Amino acid sequence: MGIGILSTGSYLPKHEVGNEEVAERVGVTAEWIERKTQIRSRRYAAPHEATSDLAVKAAERALEQAELTADQVDYVIVSTSTGDFPQPPTSYLVQHMLGAYGAACFDVNVVCSGFVYALSLAHSLVAVRPDARVLVIGADVYSRILDFTDRKTAVLFADGAGAAVVGAVPEPYGIIASDLSSRGDAHHLIRVEAGGSRNPASAATVAEGGHFFRMDGRGVRDFVAEHVPPALIALARKAGVDIGAVDHFVPHQANGVMLGEVVERAGLGAAQTHRTLIRYGNVGSASVPVALDEANRTGALSPGDLVLLAGFGGGMSIGASLVTWGART
């Protein structure tokens, strides 16, 4: 028995925001945004939509494709760094809206690496309980925590959700190998400084913009260039495959220019790199599953294809999985 991805689903809010609108707010040009990021548009959640709402819609699509009902789900894992509330966990809200009351639920917060981390956890759960079905969701609403005076972040981030159902698949399909790594010495590169126990919410933290998302863009780019390609090469070596044999690269949609550098440094030029950031921007933990769902639903993935999933983000963190794509049992 293998353990793999049975189905995928995604949801992007209806409100499309083009570069012209963002450029006017942050004080740059639309051409500057596309040249620096390769992003042309993104989606923002409607005022009534929260992270759990996006997550549920992506989950419903994944369950439909898997031909499963919510009461057949054994675990729900939600990866998000923009949960509905500090408490309760967003996964419990998702469970309630889906009606998946037989599922054990928990959240993970590894920022943009979170979906791949959650996928690895799902693999472990199925390894212990082979008949289990695990619903893994990556969802974020970054538009609520952007500072539109900060062009480094405001032009990049957006909202969305992606999901996958994980369970038993026939051999030789499924997840071949995964690797997770964490570098707490670089925690300062990506952060939201207020709202936690160290710097609780107050009138002062709001006035100071402490609840906005902050990023050291140059530091993040240097970290990714130094650490992500070697991590991907090491994973392929661990799995006993040549990284040049990878058919599909599904990375976190951080920045189009940055992705090009990762592809070149990792030796992934022969793989098809799936990019959704041109239309959807950087949707945080949803980036990898949204791109994977698009690849799956457009027929780009064939049984037996070698698929490399890669997330990297705040922490700093890196998560990668090699998957032999194949149909469910």
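Glycine 99 sits just after helix 4 and takes a positive phi of about 80°. The model is predicted, and this glycine is a handy place to enter it.

Step back into the helix itself. Helix 4 spans residues 90-98. Its buried residues are Thr90, Ser91, Val94, Gln95 and Leu98. An α-helix has 3.6 residues a turn, so residues three or four places apart point the same way. Viewed down the axis of helix 4, the buried residues fall within an arc of 145°, so they line one face of the helix. What covers them? The cover includes helix 3 (51-66) and strand 4 (75-79). Strand 5 (104-108) and strand 6 (134-141) are also part of it.

Now follow the chain to the loop between strand 6 and helix 6 (151-154), where aspartate 147 lies. Is aspartate 147 buried or exposed? Its relative accessible area is 10%, under the 20% cut-off, so it counts as buried. Its side chain has polar partners. One polar contact, of 2.7 Å, joins it to the side chain of threonine 149. Another, of 2.8 Å, runs to the side chain of arginine 214. Leaving aside residues up to four places away in sequence, aspartate 147 touches Thr153, Ala154, Phe212 and Arg214.

Next comes the largest nonpolar core, with 59 residues. Val220, Leu232, Val246, Phe249, Leu268, Leu308 and Phe312 touch the most other members. Elements that each supply at least two residues include helix 1 (19-26), helix 2 (30-37), strand 10 (213-215) and helix 9 (256-266). The largest share, eight residues, comes from helix 8, which spans 217-239. Domain 1 (2-172) and domain 2 (175-325) both contribute, so this core lies between them. Apart from it lies another core, of 29 residues, among them Ala45, Leu54, Ala66 and Ala161.

Take leucine 308 as a viewpoint within the largest core. Not counting residues up to four places away in sequence, its contacts include Leu232, Leu235, Val246, Phe249 and Leu268. His248, Val250, Ala320, Ser321 and Leu322 are also among the residues leucine 308 touches.

His248 leads on to the sheet. Five strands form an open sheet in the order 8-14-13-11-12, with mixed pairing. Which strands are at the edges? They are strand 8 (174-182) and strand 12 (272-273), each pairing on one side only. Strand 11 (residues 248-251) pairs with strand 12 in the parallel sense, over two bridges. Here histidine 248 stands opposite glutamine 272 of strand 12.

Technical notes:
Residues numbered from 1 in each chain as written. Predicted model: local features only at pLDDT ≥ 70, side-chain atom pairs only at ≥ 80, totals over all residues. Heavy atoms only, no water. Core = buried A, V, L, I, M, F, W, Y, C linked by side-chain atoms within 4.5 Å. Buried < 20%, exposed > 50% of the residue type's maximum accessible area, 1.4 Å probe, protein only. Helix = DSSP H or I, 4+ residues; strand = E, 2+ residues; numbered from the N terminus. Domains from an automatic or database assignment. Contact = heavy atoms within 4.5 Å. Arc of directions from axis to C-beta. Polar contact = N/O pair within 3.5 Å; in protein donor to acceptor, adjacent residues only side chain to side chain. Pairing = 2+ DSSP bridges.
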